[in-house]
Amino acid sequence: MDRPPAMFIADSLGLDFLNSVATPFDTPVDWIDDGHGLIDWLAQAKLVPADDLHALTARATPDELDKVADQARALREWFRGFVRKHAGRPLTTDALRELDPLNSLLERDEAFSRIEPGHADGGALALPMRRRWRSPEALLLPVGEAMAKFVCDEDFSNVKACEGHNCTMLFADHTRRRARRWCIMAVCGNRAKQAAHRSRLKSMQ
């Protein structure tokens, strides 16, 4: 399937994962509807180093990747329910018991740090985090990490749904006055302006 480039408009990769299925231009698009789509979305999100992604894809069968995509979609819809339930108000520790599926995923991680040469503009040495990619299911681990960072670091009072007609996108509103209404002003915002303009013209007739 030919897909447009994935959309990263939420100001949070955890929310961008939820937006991996959307209707940005009147046609529904699921960027992770199969294994190839999941690999492509992870690459665009830069959640998996390119070399690791290539090596893991070369080892896995299409069926294995499709099964991981199935798991990713199930994870996405579970998380969508959690976010929609708690959006608009600060998250409290009372929500912790609802996060068992995410914690179960995080417990499978095999991340580690390793001393390596630093970047040219930094020090001589660096301590980056690495991950052991033992199976295709490991592709879910950086997604789970992004979701967990969102849960722990974001003020859920800032989480909003786009006001666009039929738009399902969510975002974290970090504008100064918390006045953001649209996923993308050039898409849903312009549609709303055009609809309001047509309505005014009709009322004047």
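1. A pocket, as the word is used in this note, is an open set of grid points with protein on both sides within 12 Å along at least five of seven lines. In this predicted model, the largest pocket holds about 230 Å³ of space. Its lining is made up of Leu47, Pro49, Asp52, Asp109, Ala111, Pro128, Met129, Arg130, Arg131, Trp133 and Glu145. By class, 6 of these residues are nonpolar and 5 are charged, with no polar residue in the lining. Strand β6 supplies the largest share of the lining, namely 3 residues.

2. As to the chain as a whole, the predicted model contains 7 helices and 8 strands, and 39% of its 205 residues are buried. Among the contacts with a separation of 6 or more, 57% are between residues 24 or more positions apart. The accessible surface of the chain amounts to about 12,100 Å², and carbon and sulfur atoms account for 53% of that surface.

3. The search of the whole structure for salt bridges returns 14, and one that bears on the pocket of point 1 joins the side chains of glutamate 145 and arginine 131, with an N to O distance of 3.4 Å. This pair links distant parts of the chain, since glutamate 145 sits in helix α6 (residues 140–153) and arginine 131 in strand β6 (residues 129–131), 14 residues apart. Glutamate 145 is partly exposed, at a relative accessible area of 33%, whereas arginine 131 has 14% and counts as buried, because buried means under 20%. Both Arg131 and Glu145 also appear in the lining of the largest pocket.

4. A second pair that links distant parts of the chain consists of lysine 160, in strand β7 (residues 159–161), and aspartate 173, in the loop between β8 and α7, which are 13 residues apart. Their side chains form a salt bridge with an N to O distance of 2.7 Å. Which of the two partners is buried, with a relative accessible area of 0%? That residue is aspartate 173, while lysine 160, at 25% relative accessibility, counts as partly exposed.

5. The salt bridge between the side chains of glutamate 116 and arginine 114 has an N to O distance of 2.9 Å. Here the acidic partner, glutamate 116, is buried, with a relative accessible area of 14%, and arginine 114 is partly exposed, at 45%. Apart from these pairs, the model also has a network of salt bridges, in which Asp30, Arg76, Glu77 and Arg80 are linked.

6. Two backbone angles deserve a look in the viewer. Lysine 46, in the loop between α2 (35–45) and α3 (50–59), has a phi near 60°, which is a positive value in a residue other than glycine. Its relative accessibility is 72%, and lysine 46 therefore counts as exposed, the cut-off being over 50%. Arginine 178, likewise not a glycine, has a positive phi of about 55° and lies in the loop between β8 (170–172) and α7 (185–204). With a relative accessible area of 39%, arginine 178 is partly exposed. The loop between β8 and α7 is also where aspartate 173 of point 4 is placed.

Conventions: Residues are numbered from 1 along each chain as its sequence is written. This is a predicted model: local features need pLDDT of at least 70, side-chain atom pairs count only at pLDDT 80 or more; totals for chains, interfaces and linings use all residues. Side-chain values use heavy atoms; hydrogens and water are left out. Helices (H or I, at least four residues) and strands (E, at least two) are DSSP runs, numbered from the N terminus. Buried means under 20% relative accessible area, exposed over 50%, partly exposed in between (1.4 Å probe, protein chains only). Contact means heavy atoms within 4.5 Å. Accessible areas come from the Shrake-Rupley method with a 1.4 Å probe; for residues, only the protein chains shown count as cover. A salt bridge is a side-chain nitrogen of Lys or Arg within 4 Å of a carboxyl oxygen of Asp or Glu. On a 1 Å grid over the protein atoms alone, a cavity is a set of points where a 1.4 Å probe fits but cannot get out, and a pocket is an open set with protein on both sides within 12 Å along at least five of seven lines; lining residues have an atom within 4 Å of a point. Grid points are joined across faces, edges and corners, and a volume is the space filled by probe spheres set on the points. Ala, Val, Leu, Ile, Met, Phe, Trp, Tyr, Cys and Pro count as nonpolar, Asp, Glu, Lys and Arg as charged, and the others, Gly among them, as polar.
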